[in-house]
Amino acid sequence: MKDLVVYYSLEGNTQYIAEKIKEETGADLLRLIPKKAYPSKGFAKFFWGGKSAVMAEKPELEEFSVDLAPYDRIILGFPVWASTFAPPIRSFVEQYAPQLKNKRIITYACQGGAGAEKAFAKLSQTLGINKFEMTQVFINPKSDSNDHTEQKIADFCNKIKA
Ligand SMILES: Cc1cc2nc3c(=O)[nH]c(=O)nc-3n(C[C@H](O)[C@H](O)[C@H](O)COP(=O)(O)O)c2cc1C
């Protein structure tokens, strides 16, 4: 089974999970980087990121090329922004829509409080699928790391491997 983790991370939490998945399962990683970086501090971070998410923007991404054909599953990882998935994921999903059509898709979300379930619903709608193979929610797994979260990460990786 060959898996690719496609993720966006502003502050490292989603990246932390992506790297654990790679470590534990051998999955490949593709980090999405917007050409114009979102602010990462203070009010501007929530204002510009939140606005971009609410407006369903598709920010231009730094050049990358990936062939999804060799992968059995795609694992989409994102931070929840304004109760939806962070916009760079939308850019990827739109660009790769035809290649994503027949893929098995797993998704995970990092959040501070709430909104992941809504984000999953919006993502499945955007992808045009009824159901993900698996979903998982983490609460700031890097910045608020604790034993419970580490166990949850390990369980998630084990399920991916199973
Ligand atoms: C613009 C913006 C909007 C956010 N909106 C939400 C939200 O609606 N619900 C929530 O629980 N957390 C929200 N957060 C917090 C992040 O989802 C959370 O800190 C996540 O772990 C960050 O992941 P990252 O470190 O990979 O960027 C928001 C953060 C930003 C920057």
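# Exercises on a predicted model

At 1.5 Å a residue, the 13 residues of α2 should span 18 Å, and the end C-alpha atoms of α2 lie 19 Å apart, which agrees. The expected span is 1.5 Å times one less than the number of residues in the helix. Helices (H or I, at least four residues) and strands (E, at least two) are DSSP runs, numbered from the N terminus. The model is predicted: local features need pLDDT of at least 70, side-chain atom pairs count only at pLDDT 80 or more, and totals for chains, interfaces and linings use all residues. Residues are numbered from 1 along each chain as its sequence is written.

## Exercise 1. The ligand shell

Task: state how many residues surround the ligand, and which elements give two or more of them.

Solution.

1. A residue is near a molecule or strand if its C-beta atom, placed from the backbone, lies within 6 Å of it.
2. The ligand is surrounded by 22 residues, and the closest are Glu11, Asn13, Thr14, Gly49 and Pro79.
3. Two or more shell residues come from each of α1 (13-25), α2 (42-54), β3 (73-81) and β5 (104-111).
4. α2 gives the largest share, four residues.
5. For the classes, Ala, Val, Leu, Ile, Met, Phe, Trp, Tyr, Cys and Pro count as nonpolar, Asp, Glu, Lys and Arg as charged, and the others, Gly among them, as polar.
6. The shell then has twelve polar, eight nonpolar and two charged residues.

## Exercise 2. Helix α1

Task: compare the span of α1 with the expected value, then find which residues of α1 are buried and what they pack against.

Solution.

1. α1 has 13 residues, and its first and last C-alpha atoms are 18 Å apart, close to the 18 Å expected at 1.5 Å a residue.
2. A residue is buried if 20 or more other C-beta atoms lie within 10 Å of its own, exposed if 12 or fewer, and partly exposed in between, with C-beta atoms placed from the backbone.
3. The buried residues of α1 are Asn13, Thr14, Gln15, Tyr16, Ile17, Ala18 and Ile21.
4. Two residues are in contact if their C-beta atoms, placed from the backbone, lie within 7 Å.
5. The buried residues of α1 pack against the strands β1 (3-7), β2 (28-31), β3, β5 and β6 (134-139), and against helix α6 (147-161).
6. Glycine 26, just after α1, has a positive phi of about 80°.

## Exercise 3. Asparagine 13

Task: is asparagine 13 buried or exposed, and which residues does asparagine 13 touch?

Solution.

1. Asparagine 13 belongs to helix α1.
2. Asparagine 13 counts as buried because it has 23 C-beta neighbours inside 10 Å.
3. Leaving out residues up to four places away in sequence, asparagine 13 touches Pro79, Cys110, Asn140, Pro141, Lys142 and Ser143.
4. The C-alpha atoms of asparagine 13 and isoleucine 139 are separated by 8.8 Å, although the two residues are 126 residues apart along the chain.

## Exercise 4. Strand pairing

Task: describe how β5 pairs with β3 and with β6, and how β1 pairs with β2.

Solution.

1. Two strands pair if DSSP finds at least two bridges between them.
2. β3 and β5 run parallel and are joined by seven bridges; arginine 73 has arginine 104 in β5 as its bridge partner.
3. β5 and β6 also run parallel, joined by six bridges, with alanine 109 opposite valine 137 in β6.
4. Seven of the eight residues of β5 are buried, so the strand is mostly covered.
5. β1 and β2 pair in the parallel sense over four bridges, and valine 5 stands opposite leucine 29 in β2.
6. A crossover is right-handed if, with the strands pointing away from the viewer, the path from the first strand over the helix to the second runs clockwise.
7. Right-handed β-α-β units are made by β1, α1 and β2, and by β5, helix α5 (residues 116-127) and β6.

## Exercise 5. Positive phi outside glycine

Task: give the place and the exposure of alanine 56 and of alanine 82.

Solution.

1. Most residues other than glycine have a negative phi.
2. Alanine 56 has a positive phi near 55° and lies in the loop between α2 and β3.
3. Alanine 56 is exposed because 12 other C-beta atoms lie within 10 Å.
4. Alanine 82 has a positive phi of about 50° and is found in the loop between β3 and β4 (84-85).
5. Alanine 82 is partly exposed, with 17 other C-beta atoms within 10 Å.
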